[in-house]
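Here is a set of short exercises to work through with the model open on your screen. Try each task yourself before you read the solution.

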Amino acid sequence: MLTDFSFMVSVASASRPSVASAFRRKIILAISALALAIPAASWAQSAADYVIGPQDVLTIQVFDQADLGGKYTVETDGTFSFPLIGRVTAGGLTLRNFEGELKKKLADGYFRNPQVTVAIEQYRSQRVFVMGEVRNPGPVPLTGGMTLIEALSRAGSTQPTASGEVAVVRAPQGAKGPVLPDQPSGTEVFRASIRELESGSMARNIELRDGDTIFVPRAETAYVFGQVKNPGGYAVQKDTTVLQALSLAGGVTENGAMNRVRIVRIVAGGKREIKVSLTDTVKPGDTIIVPERYF
């Protein structure tokens with residue numbers, strides 16, 4: 001059995017790229033694929049329910065009336081000027097409702113049964129915040145029907161230092177800027193496993209609202225020392241095993257004693273040394289020590 005485990009670690013240490021890099025690429029590809037896999041009909045329906053706000057840029061087309069079509073920017077009071085009918089109010093209405101209102105105004109003495117389509121050219125009035133261990137943290141424009149996976153994809157996906165969990169914080173109405181999970185009461189917090197999202201769990205892939213904060217916390221760290229190729233601290237997930245942690249450290253050297261690996265763990269404020277097997281789970285703050293073989 002010792003030989004089998006040694007072989008497993010040797011294979012893991014020889015593989016390039018590392019386990020961490022491969023897992024990160026797998027998550028990035030999965031998030032991107034899932035973002036593209038959202039049904040077009042579902043997205044279109046949600047986009048039609050998008051609530052128009054100040055600074056949004058609308059594309060309006062009136063069938064057989066090319067002169068009326070074009071791009072219109074909603075002003076700070078929620079209105080803009082439209083040919084023939086003057087100022088119209090779009091702010092606070094969904095795309096579908098505003099389309100209907102514009103059609104009624106054009107039908108009132110101008111055209112018989114006008115065919116009107118309204119779409120968003122640029123989303124500017126609403127946004128979400130993606131914070132924490134992502135490649136491009138910061139505000140992301142909220143498009144119609146945007147989901148958690150889409151927002152993570154827009155932020156460049158997660159970093160290798162990310163934990164296996166993501167939190168969506170829904171702040172009380174009127175809050176400005178990002179809100180973290182541990183901030184004042186009145187917030188709703190939805191949590192999802194990145195691995196669940198990676199596996200295609202659409203139940204956790206919630207639709208976002210204006211002002212939501214997506215927070216990806218930093219993974220906890222464990223330390224690997226002794227007879228390993230790259231000693232140091234490494235990000236670990238909740239189910240990381242001793243074998244996986246050794247792989248992150250480049251594998252065990254030829255002088256390492258695989259049958260005497262131990263962990264130094266802080267228990268009740270004191271240090272405790274524990275002999276472990278390679279399949280045991282590593283805890284945050286653990287120090288894994290691989291001693292030298294006896295000759």
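Two strands pair if DSSP finds at least two bridges between them. Keep in mind throughout that this is a predicted model.

**Exercise 1. Pairing in one sheet**

Task: Find how strand 6 and strand 7 pair, and over how many bridges.

Solution:
- Step 1. Locate strand 6 at residues 127-132 and strand 7 at 138-141.
- Step 2. Apply the cut-off: at least two bridges are needed, and these strands have four, in the antiparallel sense.
- Step 3. Check one bridge by eye: Val 130 has Gly 138 of strand 7 as its bridge partner.
- Step 4. Now step back to the whole sheet. It is open, has five strands in the order 7-6-10-8-9, and its pairing is mixed.
- Step 5. Look at the ends of that order. Strand 7 and strand 9 (188-193) each have a single partner strand, so one side of each lacks a neighbour in the sheet.
- Step 6. Add the twist, which averages 25° from one strand to the next.

**Exercise 2. A second sheet**

Task: Work out which strands stand at the edges of the sheet with the order 12-11-15-13-14.

Solution:
- Step 1. Read the arrangement: five strands make an open sheet with mixed pairing.
- Step 2. Name the edges. These are strand 12 (232-236) and strand 14; each has a single partner strand, so each has one side without a neighbour in the sheet.
- Step 3. Note the twist: neighbouring strands are turned by 30° against each other on average, direction ignored.
- Step 4. Inspect the strand 12 edge. Strand 11 (residues 220-226) runs antiparallel to strand 12 and is joined to it by five bridges, and Val 224 has Gly 232 as its bridge partner there.
- Step 5. Inspect the strand 14 edge. Strand 13 and strand 14 pair in the antiparallel sense over six bridges, with Arg 265 opposite Arg 272 of strand 14.
- Step 6. Ask how well strand 14 is covered: hardly, as the count of buried residues among its six is zero.

**Exercise 3. Positive phi values**

Task: Explain what is notable about the backbone at Ala 268 and at Asn 113.

Solution:
- Step 1. Start from the general rule: most residues other than glycine have a negative phi.
- Step 2. Compare Ala 268 with that rule: its phi is positive, near 55°.
- Step 3. Place Ala 268 in the fold. Strand 13 and strand 14 form a hairpin with two residues between them, and Ala 268 is in the turn.
- Step 4. Judge its cover. The relative accessible area of Ala 268 is 86%, so this residue is exposed.
- Step 5. Repeat for Asn 113, which is not a glycine and has a positive phi of about 50°. Asn 113 lies in the loop between helix 4 and strand 5 (116-122), and is exposed because its relative accessibility is 51%, where the cut-off is over 50%.

**Exercise 4. Two buried loop residues**

Task: Decide whether Thr 94 is buried or exposed, and then do the same for Leu 278.

Solution:
- Step 1. Place Thr 94 in the loop between strand 4 (86-89) and helix 4 (95-107).
- Step 2. Use the cut-off: buried means under 20% relative accessible area. Thr 94 has 15%, so Thr 94 is buried.
- Step 3. Find what surrounds Thr 94. Leaving aside neighbours within four places in sequence, its contacts are Ala 48, Asp 49, Tyr 50, Val 51 and Ile 52.
- Step 4. Look at the side chain of Thr 94, which reaches the backbone nitrogen of Asn 97 at 3.1 Å.
- Step 5. Turn to Leu 278, in the loop between strand 14 (270-275) and strand 15 (287-290). Its relative accessibility is 7%, so Leu 278 is buried.
- Step 6. Measure across to Ala 245: the two C-alpha atoms are separated by 9.3 Å, with the residues 33 apart along the chain.

**Exercise 5. How far to trust the model**

Task: Find where pLDDT stays under 50.

Solution:
- Step 1. Take the overall picture: the chain averages a pLDDT of 83, and 83% of the residues score at least 70.
- Step 2. Mark residues 1-23, where pLDDT stays under 50 and the model has 21 contacts beyond four places in sequence.
- Step 3. Mark residues 34-45 as well, where pLDDT stays under 50 and there are 14 such contacts.
- Step 4. Draw the conclusion: where pLDDT is low, the predicted coordinates should not be read in detail.

Conventions. Residues are numbered from 1 along each chain as its sequence is written. This is a predicted model: local features need pLDDT of at least 70, side-chain atom pairs count only at pLDDT 80 or more; totals for chains, interfaces and linings use all residues. Side-chain values use heavy atoms; hydrogens and water are left out. Buried means under 20% relative accessible area, exposed over 50%, partly exposed in between (1.4 Å probe, protein chains only). A polar contact is a pair of N or O atoms within 3.5 Å; within protein, one must be able to donate a hydrogen and the other to accept it, and residues adjacent in sequence count only if both atoms are side-chain atoms. Contact means heavy atoms within 4.5 Å. pLDDT is the predictor's confidence in each residue, from 0 to 100. Axes are lines fitted to C-alpha atoms, for helices over the stretch in contact, and angles run from 0 to 180 degrees between N-to-C directions.
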